[in-house]
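The exercises below are meant to be worked through with the sequence and the 3D structure at hand. Try each task before reading the solution that follows.

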Amino acid sequence: MTAAKSPRSEHSKPFLLADRFTGSSLHTIRHATAEHAESLGLNGPRLLEFVLAVHESVANVVKHAGNHGEIQVWRSDGHVHCTISDRGPGIPLDGLNVSRISPDALGGRGLWLIHHLVSNVDITTGAEGTVVHLTVELPSDGTGMKPVRVNSPLPETEFRTEWTR
């Protein structure tokens with residue numbers, strides 16, 4: 001949690017997707033994100049994971065930050081980047097601790113899921129809003145990528161996917 005500038009404010013390359021959204025546009029945002037990420041070479045399970053992470057972040061804005069926000073998607077240095085921003089009340093500190101979710105909790109798994117679906121998550125939050133920056137590595141040639149099970153603190157019934165060449 002920092003007061004640093006949003007990654008989008010320092011970004012100089014053109015966005016593939018830059019739009020405002022509300023709850024009624026979740027479907028459109030999800031499809032546009034998938035289309036643009038796929039056009040950059042993201043494919044298969046990695047594409048689905050990225051789109052799900054973006055969707056979860058956008059849905060959190062809709063539910064917790066006034067039903068509207070902004071999204072930007074771009075490519076830089078062999079990665080697909082996405083920022084989702086809002087002007088909501090910020091995320092409480094205990095909500096940022098994704099390692100302490102009770103198995104009995106009815107909610108609170110969105111950020112946990114996001115952290116397990118993409119290469120990097122950076123969250124800047126405060127009283128003036130939140131910016132979530134998601135990053136996923138693009139395959140170098142679009143081939144030879146395969147999921148493997150890795151040692152993980154997750155229960156045996158769950159696992160995290162990492163990619164190897």
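**Exercise 1.** In what order do the five strands form the open sheet, and is the pairing parallel or antiparallel?

Solution. Begin with the note that this is a predicted model. The five strands are arranged in the order 1-2-3-5-4, and their pairing is antiparallel. Next, look at the ends of that order: strand 1 and strand 4 are the edges, and each has a single partner strand, so one side of each is left without a neighbour in the sheet. Finally, neighbouring strands are turned against each other by 15° on average, when direction is ignored.

**Exercise 2.** Describe how strand 5 is joined to strand 3 and to strand 4, and decide how enclosed strand 5 is.

Solution. Take strand 3 (residues 79-86) to begin with: eight bridges join it to strand 5, and the two run antiparallel, with Thr83 standing opposite His133 of strand 5. Then turn to strand 4 (residues 120-126), which pairs with strand 5 over seven bridges, again in the antiparallel sense. Here Ile123 stands opposite Val132, and Asn120 stands opposite Thr135, while a hairpin of two residues leads from strand 4 to strand 5. As a last step, consider burial: in strand 5 (residues 129-137) eight of the nine residues are buried, so this strand is largely enclosed by the rest of the structure.

**Exercise 3.** Work out how helix 2 and helix 4 are placed relative to each other, and which residues make the contact.

Solution. The axes of helix 2 (residues 44-64) and helix 4 (residues 110-117) come within 9 Å and cross at roughly 150°. Since angles over 145 degrees count as roughly antiparallel, that makes helix 2 roughly antiparallel to helix 4. The crossing is left-handed. On the side of helix 2 the contact is made by Arg46, Glu49, Leu52, Ala53, Glu56, Ser57 and Asn60, and on the side of helix 4 by Gly110, Leu111, Leu113, Ile114 and Leu117.

**Exercise 4.** Find the one aromatic pair of the structure and explain what it ties together.

Solution. The structure holds one aromatic pair, formed by Phe15 and Trp74, which is edge-to-face, with 5.6 Å from centre to centre and 70° between the planes. Phe15 lies in the segment before strand 1 (17-22) and Trp74 in strand 2 (residues 68-76), so the pair ties together parts that are 59 residues apart in sequence. To finish, compare the accessibility of the partners: Phe15 counts as partly exposed at 34% relative accessibility, whereas Trp74 is buried at 4%.

Methods
Residues numbered from 1 in each chain as written. Predicted model: local features only at pLDDT ≥ 70, side-chain atom pairs only at ≥ 80, totals over all residues. Heavy atoms only, no water. Phe/Tyr/Trp six-rings, centres within 6.5 Å; stacked < 30°, edge-to-face > 60°. Helix = DSSP H or I, 4+ residues; strand = E, 2+ residues; numbered from the N terminus. Buried < 20%, exposed > 50% of the residue type's maximum accessible area, 1.4 Å probe, protein only. Pairing = 2+ DSSP bridges. Axes fitted to C-alpha atoms, helices over the stretch in contact; angles between N-to-C directions. Parallel < 35°, antiparallel > 145°, perpendicular 65-115°, else oblique. Left-handed = near helix turned anticlockwise from the far one by under 90°. Contact = heavy atoms within 4.5 Å.
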